[in-house]
Amino acid sequence: MVIAIIGAGLSGLVTAQRLMQAGHTVTVFEKSKGMGGRMSTRYAKGDRSSKFDHGTPFLSSQGPQFQAFINDLEASGLVKKWTNKFLYEDADTITEVSAVPSGADLYVASEGMNSIGKYLSRPIDVRNGVRVGGITHFGKKANKKKAWILNLDDQQVFEADAVIVALPATQAYGVIQTAQDETSIRRIIREIDEISYDPSLSFMFNFGKQEIPEWSALKLIDPNVSLIINESSKRDFSGDFTVVVHSTPELALKHQSNDRDLALHEVLKVLVRELGSYASNPQWHDIHFWRYARARKTINSPFFECDDPDLPLAVIGDYFMGNDLEASYNSASALSDNWIQKYSI
């Protein structure tokens, strides 16, 4: 079966791998240049040794399935154990707390979080820089065509027997609604239309040859900053001191449409307070806006698929039974198991 997957985040890549291993022909379409979604890494201009995981900063697991995936990445040399403790600042008090509620270890990628997406995509036909504008269902009326046509933004089309949408709910809605004449698709549209997201701003800083703090991350009770990640603590070399600051949703909402320098000013004030006066003048900085950082509402199902067997379409992602990478992985695994059994070759 020829399967088209829209989105090369973790759920899209994991599903593609599994369905390919089961004998299906899979093509993944990704509008951006990279793979991995929020498993993203940016480099300081002219210095690829300074890496900034400006999306998802680490991996952690609550269940055995995702932990097994992390263990496989560790065995392949892609990730390593980092910490299980953060510093937590509330008013004038700083304490050491578990990094995640379960107390589990956190893992980081020494070469950057984007190395995981690159690794997962190696055997897959991923078409980067291609946006899917809509989908058309032909079904039994297809004649020589396959059941689905993907309408690409370069005026080209792609024929597939089945479609999997692995996008944030808002973007998935935009794609799926183009085929909403089908009753079972309208049911999916109604469900995912209720999903909304908190945005986030990620601030990346290189402070040069400063003393590197002993803490791995600092969690704050602050109107503008929620988490400061000591990027230098992830790497095995003694280079410049680098951090990534993750904003609160409130700061991101306030500055999503205006000059980001205003948000930068607010964040630098926090860094001066936490690090010292040198933080007011970073050697390099960059800012990234994540529109779909975290789902506010989740769906109590591992995935959605059309009830009609002649309409093979499914939706997966991190908003199914959670709102993080583990939920994304579990969603992909559940759909893969279902389709491997349903569409056995």
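**Exercise 1. Arg 127 and its partner**

Task: In this predicted model, decide whether Arg 127 counts as buried, partly exposed or exposed, and find which residue forms a salt bridge with Arg 127.

Solution: Begin with the relative accessibility of Arg 127, which is 35%. Buried would require a value under 20% and exposed a value over 50%, so Arg 127 counts as partly exposed. Next, look for the partner, which is Asp 125, where the closest N and O atoms of the pair lie 3.5 Å apart. Finally, apply the reasoning used for Arg 127 to Asp 125, whose relative accessibility of 32% makes this residue partly exposed.

**Exercise 2. A salt bridge between distant parts of the chain**

Task: Work out which parts of the chain are linked by the pair Arg 296 and Asp 198, and classify each of the two residues by its accessibility.

Solution: First, establish the contact itself, a salt bridge in which the closest N and O atoms are 2.7 Å apart. Then place the two ends: Arg 296 sits in the loop between strand E18 (284-295) and strand E19 (304-305), while Asp 198 belongs to strand E14 (residues 197-206), so that 98 residues separate them and the pair links distant parts of the chain. Last, turn to accessibility, where Arg 296 has 47% and is therefore partly exposed, and Asp 198, with a relative accessible area of 23%, is partly exposed.

**Exercise 3. A network of salt bridges**

Task: Determine whether Arg 235 is buried or exposed, do the same for Glu 231, and state which residues make up the network of salt bridges that holds them.

Solution: Start from the pair, since the side chains of Arg 235 and Glu 231 meet in a salt bridge with an N to O distance of 3.0 Å. Arg 235 has a relative accessible area of 9%, which means that Arg 235 is buried. Glu 231, at 0% relative accessibility, also counts as buried. Now widen the view to the network, in which Asp 53, Glu 231, Lys 234 and Arg 235 are linked by salt bridges. For the model as a whole, the count comes to 18 salt bridges.

**Exercise 4. Two packed helices**

Task: Describe how helix H1 and helix H3 pack, giving the angle and the distance between their axes, and name the residues that meet.

Solution: Two packed helices are described by the angle between their axes and by the distance between the axes. For H1 (residues 10-21) and H3 (residues 114-121), the angle is about 25° and the axes are 9 Å apart. That angle makes H1 roughly parallel to H3, because angles under 35 degrees count as roughly parallel. The crossing of the two helices is left-handed. At the contact, Leu 10, Leu 13, Val 14 and Gln 17 of H1 meet Gly 117, Tyr 119, Leu 120 and Ser 121 of H3. Sorted by class, the contact of H1 with H3 holds five nonpolar, three polar and no charged residues.

**Exercise 5. A buried leucine in H7**

Task: Find out where Leu 268 lies, and which residues Leu 268 touches beyond those up to four places away in sequence.

Solution: The location comes first, and Leu 268 is found in helix H7 (residues 260-275). With a relative accessible area of 15%, Leu 268 is buried. Setting aside residues up to four places away in sequence, Leu 268 touches Phe 205, Ala 279, Ser 280 and Pro 282. For Leu 268 and Phe 205, the separation is 63 residues in sequence and 9.9 Å in space, taken from C-alpha to C-alpha.

Technical notes:
Residues numbered from 1 in each chain as written. Predicted model: local features only at pLDDT ≥ 70, side-chain atom pairs only at ≥ 80, totals over all residues. Heavy atoms only, no water. Axes fitted to C-alpha atoms, helices over the stretch in contact; angles between N-to-C directions. Helix = DSSP H or I, 4+ residues; strand = E, 2+ residues; numbered from the N terminus. Parallel < 35°, antiparallel > 145°, perpendicular 65-115°, else oblique. Left-handed = near helix turned anticlockwise from the far one by under 90°. Contact = heavy atoms within 4.5 Å. Nonpolar A, V, L, I, M, F, W, Y, C, P; charged D, E, K, R; others polar. Salt bridge = Lys/Arg side-chain N within 4 Å of Asp/Glu carboxyl O. Buried < 20%, exposed > 50% of the residue type's maximum accessible area, 1.4 Å probe, protein only.
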